[in-house]
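Here are a few short exercises on charged side chains, each with a worked solution. Open the structure, keep it at hand and let's go through them together.

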Amino acid sequence: MKYLALLIIKMYWFLIPASKRRKCIFRKSCSKHVYDMILNKGIILGLKAFKFRYLNCRQGVEVFKNPLTNELQFLLPNNSIVEEEEIAERLIKTKNLTS
């Protein structure tokens, strides 16, 4: 099962060019994160990572600056907070230009 999931992700990378994929809000793309989780931690944790990313890497994300640290953070739909080092650089640059 583990190797089937890894194969599916590799097929996704091969068949869909990077320019056609949805842009991830995280620094490490969702497919790369799930691939690494399955490879290193197993299929169960990989599927949990996929579910988390799928449910939270969509609309409803709020970007704000932490008043204590002055760093950007994301508030995800499930109310968890993502720190600046996990946020995609393209979003950090965009937010800094508009702030």
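A salt bridge here is a side-chain nitrogen of Lys or Arg within 4 Å of a carboxyl oxygen of Asp or Glu. The model you are looking at is predicted.

**Exercise 1.** Find how many salt bridges the whole structure holds.

*Solution.* Applying the cut-off throughout, the search returns three salt bridges. The next exercises take them up.

**Exercise 2.** Work out which parts of the chain the salt bridge between Glu89 and Arg27 links.

*Solution.* Start with the distance: the closest N and O atoms of Glu89 and Arg27 are 2.9 Å apart. Next, place the partners: Glu89 belongs to helix 4 (residues 89-98), while Arg27 sits in the loop between helix 1 (2-15) and helix 2 (30-41). The two are 62 residues apart, so the pair links distant parts of the chain. Finally, check exposure: Glu89 is partly exposed at 43% relative accessible area, and Arg27 is also partly exposed, at 40%.

**Exercise 3.** Determine which residues are joined into one network by salt bridges that share partners.

*Solution.* First, Lys28 pairs with Asp36, with 2.7 Å between the closest N and O atoms. Second, Asp36 also meets Lys32 in a salt bridge, at 3.1 Å from N to O. Asp36 and Lys32 both lie in helix 2, four residues apart, or about one turn of the helix. Shared partners therefore join Lys28, Lys32 and Asp36 into one network.

**Exercise 4.** Is Asp36 buried or exposed?

*Solution.* Buried means under 20% relative accessible area, so Asp36, at 15%, counts as buried. Its partners Lys28, at 37%, and Lys32, at 34%, are partly exposed.

Note on methods:
Residues are numbered from 1 along each chain as its sequence is written. This is a predicted model: local features need pLDDT of at least 70, side-chain atom pairs count only at pLDDT 80 or more; totals for chains, interfaces and linings use all residues. Side-chain values use heavy atoms; hydrogens and water are left out. Buried means under 20% relative accessible area, exposed over 50%, partly exposed in between (1.4 Å probe, protein chains only).
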